[in-house]
Structure formats: structure tokens, C-alpha cells
Amino acid sequence: MIQTSLSLVVLTIFALVAGAIYLARRGGKRRQVVLMLVLAGVMAINVAIWTIPGDDGKAPVHRQAQ
């Protein structure tokens with residue numbers, strides 16, 4: 001279940017970045033573009049925390065599945 005959630009978060013990251021680029025090119029509000037990119041960055045950091053292995057060689061997502 002956690003793998004599905006992480007996959008959806010990654011897809012959301014791509015959608016946010018694509019939406020921010022589209023909005024910036026159309027002359028949208030700069031604050032909204034920046035907030036979309038900040039949210040995508042925070043989500044990417046969360047995915048990295050869950051998937052990067054720790055000192056024991058296991059990622060938290062694998063420990064959660066057990």
C-alpha cells in the first residue's frame with residue numbers, strides 16, 4: 001500500500017512541476033508558481049526520506065512493509 005502512495009506522490013510531483021511551468025509561461029501569478037514548486041520540492045524530499053536506505057541498508061518503506 002505504501003508503494004502505491006509513493007507512486008501517486010511522484011506522479012503528483014510531475015504534475016505540479018508541469019503545471020507551474022505552464023502557468024509561468026502563460027504569465028500566471030508568480031506566487032502561485034513558486035508555491036507549486038515549493039510543494040513539489042517538499043513532496044520530493046518526503047519520497048526521498050521514505051526510499052533512501054539508512055545505515056542498516058534498508059529503506060523505511062521496506063521496514064514499514066514488514
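Let me start with the crossing: α1 passes α2 in a left-handed crossing. Keep in mind that this is a predicted model.

Now the geometry of that pair. The axes of α1 and α2 come within 9 Å. They cross at roughly 160°. Angles over 145 degrees count as roughly antiparallel, so α1 and α2 are roughly antiparallel to each other.

Which residues meet there? From α1 we have Leu6, Val9, Val10, Thr12, Ile13, Leu16, Val17, Gly19, Ala20, Leu23 and Ala24. On the α2 side they meet Gln32, Val33, Met36, Leu37, Leu39, Ala40, Met43, Ala44, Val47, Trp50 and Thr51. Sort that contact by class, and you get 18 nonpolar residues, four polar ones and no charged ones.

Next, the core. How many residues make up the largest nonpolar core? There are 11 in all. Here is the list: Leu6, Ile13, Leu16, Ala20, Val33, Met36, Ala40, Met43, Val47, Ala59 and Val61. Two elements, α1 (2-25) and α2 (30-51), each give two or more residues to this core. Which element gives the most? That is α2, with five residues.

Pick one core member, Met43. Leave aside residues up to four places away in sequence, and methionine 43 touches Val9, Thr12, Ile13 and Leu16. Of those partners, Ile13 and Leu16 are also listed in the core. Val9, Thr12, Ile13 and Leu16 also appear on the α1 side of the helix contact.

Now a few single residues, beginning with leucine 37. Leucine 37 sits in helix α2. Is leucine 37 buried or exposed? Its relative accessible area is 42%, so leucine 37 is partly exposed. Beyond residues up to four places away in sequence, leucine 37 touches Val17 and Ala20. Take alanine 18 as a reference point: leucine 37 is 19 residues from alanine 18 along the chain, and their C-alpha atoms are separated by 9.5 Å.

Stay in α2 for tryptophan 50, which has its place in that helix. Tryptophan 50 has 32% relative accessibility and therefore counts as partly exposed. Go back to alanine 18 as the reference. Tryptophan 50 and alanine 18 are 32 residues apart along the chain, with 23 Å between their C-alpha atoms.

Tryptophan 50 takes us to proline 60. Proline 60 belongs to helix α3, residues 60-65. Which residues does proline 60 touch, not counting those up to four places away in sequence? Its partners are Ile49, Trp50 and Ile52. Proline 60 and isoleucine 49 lie 11 residues apart in sequence, and 7.7 Å apart in space, C-alpha to C-alpha. Proline 60 has 24% relative accessibility, so it counts as partly exposed.

Last residue: isoleucine 2. Isoleucine 2 is found in helix α1. Isoleucine 2 has 24% relative accessibility, and buried means under 20%, so isoleucine 2 counts as partly exposed. How far apart are isoleucine 2 and histidine 62 in sequence and in space, C-alpha to C-alpha? In sequence, 60 residues. In space, 9.3 Å.

To recap, α1 and α2 are roughly antiparallel, and their crossing is left-handed. Their contact has no charged residues.

Terms used. Residues numbered from 1 in each chain as written. Predicted model: local features only at pLDDT ≥ 70, side-chain atom pairs only at ≥ 80, totals over all residues. Heavy atoms only, no water. Core = buried A, V, L, I, M, F, W, Y, C linked by side-chain atoms within 4.5 Å. Buried < 20%, exposed > 50% of the residue type's maximum accessible area, 1.4 Å probe, protein only. Helix = DSSP H or I, 4+ residues; strand = E, 2+ residues; numbered from the N terminus. Contact = heavy atoms within 4.5 Å. Axes fitted to C-alpha atoms, helices over the stretch in contact; angles between N-to-C directions. Parallel < 35°, antiparallel > 145°, perpendicular 65-115°, else oblique. Left-handed = near helix turned anticlockwise from the far one by under 90°. Nonpolar A, V, L, I, M, F, W, Y, C, P; charged D, E, K, R; others polar.
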